[in-house]
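User: Hey, can you walk me through the salt bridges in this one?
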Amino acid sequence: MRIPEAAMRVLWVLSLARAESLHYEASYKGPFSAGKHLPIAAVQLDSEYKALPSGEKVLQTTMHVTSKPYDFVEEHFPFRVRYRSLYAPGRKHMLAVEKYEKTSRIKHEISWVDVEQHQLLRFRHKGKSVGQRLFPVSLQNWLEPGERFEFHKYSRHGFRKGLQDWLSMLQVVRTLSMETGRVYRFPVTDGKHLYHYTVKVQKQHSIEMMDGSRRKAWKLRFDAVEEGEPGPAHRPLYVWLADDAQRTPLLFENRHPLGRFLVRLSTVQ
């Protein structure tokens with residue numbers, strides 16, 4: 001029996017009444033790993049509802065990626081990555097997205113939607129127009145103690161109806177009706193670029209989990225083109241969502257000329 005789309009949305013929201021924490025192992029398989037799966041990173045995906053100062057409930061999703069558990073990667077190319085987003089279900093668009101990357105240097109930027117002005121604002125440690133726009137109060141808890149962000153610039157693409165970041169798009173897709181051949185489209189930003197994503201439901205089948213068990217899942221293909229640029233923005237990304245009320249992301253796959261990258265669910269908390 002197919003669960004109605006509206007019921008799926010309600011069940012998924014209820015499932016996040018308590019915080020959801022999903023843990024994954026990222027691996028690489030290709031010529032640099034002698035054709036074997038080489039674990040390269042631990043990934044944690046956390047979701048929970050937050051209340052804004054206005055009282056509005058929004059969904060916060062945070063993804064942490066780290067090489068720390070894997071000695072070989074940690075020795076030669078250590079990295080720490082954090083992506084975080086706020087999504088407003090009532091408005092059906094993102095409110096903010098954070099990108100933090102630490103390799104040989106640190107890159108940290110937060111983009112925020114000024115709903116009244118219909119603008120997407122970017123903030124950094126050292127802004128170009130100091131004092132022109134204040135850092136939003138609702139995002140103060142995203143900053144470390146003593147950390148200060150200043151207005152950097154407006155996104156050149158502005159804000160448009162239904163705008164998502166990658167994490168909020170994934171969360172929205174989890175609430176949608178799954179049917180082979182179904183296609184969904186989203187405008188998606190990383191704060192700087194604008195992408196047009198096409199998400200196609202390819203099929204339903206059974207996949208093997210890390211513990212050797214098998215689960216029914218929906219296989220989705222994510223394709224993107226960047227606004228104003230020819231050709232695809234990246235190679236197709238495949239995502240498998242569990243065929244259950246939570247639509248838990250079970251597996252991510254990206255095939256690159258240099259090899260195959262997998263992110264596989266290990267534990268749910």
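Analyst: Sure, here is a look at the salt bridges and the residues that make them. Heads up: this is a predicted model, so local features need pLDDT of at least 70 and side-chain atom pairs count only at pLDDT 80 or more, while totals for chains, interfaces and linings use all residues. Residues are numbered from 1 along each chain as its sequence is written, and side-chain values use heavy atoms, with hydrogens and water left out.

User: How many salt bridges does a search of the whole structure find?
Analyst: It finds 15. A salt bridge here is a side-chain nitrogen of Lys or Arg within 4 Å of a carboxyl oxygen of Asp or Glu.

User: Cool, which residue does Glu 56 pair with?
Analyst: Arg 91, with the closest N and O atoms 2.6 Å apart. Glu 56 is in the loop between β2 (38-51) and β3 (57-66), and Arg 91 is in the loop between β4 (80-88) and β5 (93-102), 35 residues apart. Strands are DSSP runs (E, at least two residues), numbered from the N terminus.

User: Is Glu 56 buried or exposed?
Analyst: Buried, because its relative accessibility is 19%. Buried means under 20% relative accessible area, exposed over 50%, and partly exposed in between (1.4 Å probe, protein chains only). Arg 91, at 35%, counts as partly exposed.

User: Switching topic, what does Glu 109 form a salt bridge with?
Analyst: Arg 122, at 2.9 Å between the closest N and O atoms. Glu 109 lies in strand β6 (residues 106-114) and Arg 122 in strand β7 (residues 119-124), so the pair ties together parts 13 residues apart in sequence. Both Glu 109 and Arg 122 are buried.

Methods:
Helices (H or I, at least four residues) and strands (E, at least two) are DSSP runs, numbered from the N terminus.
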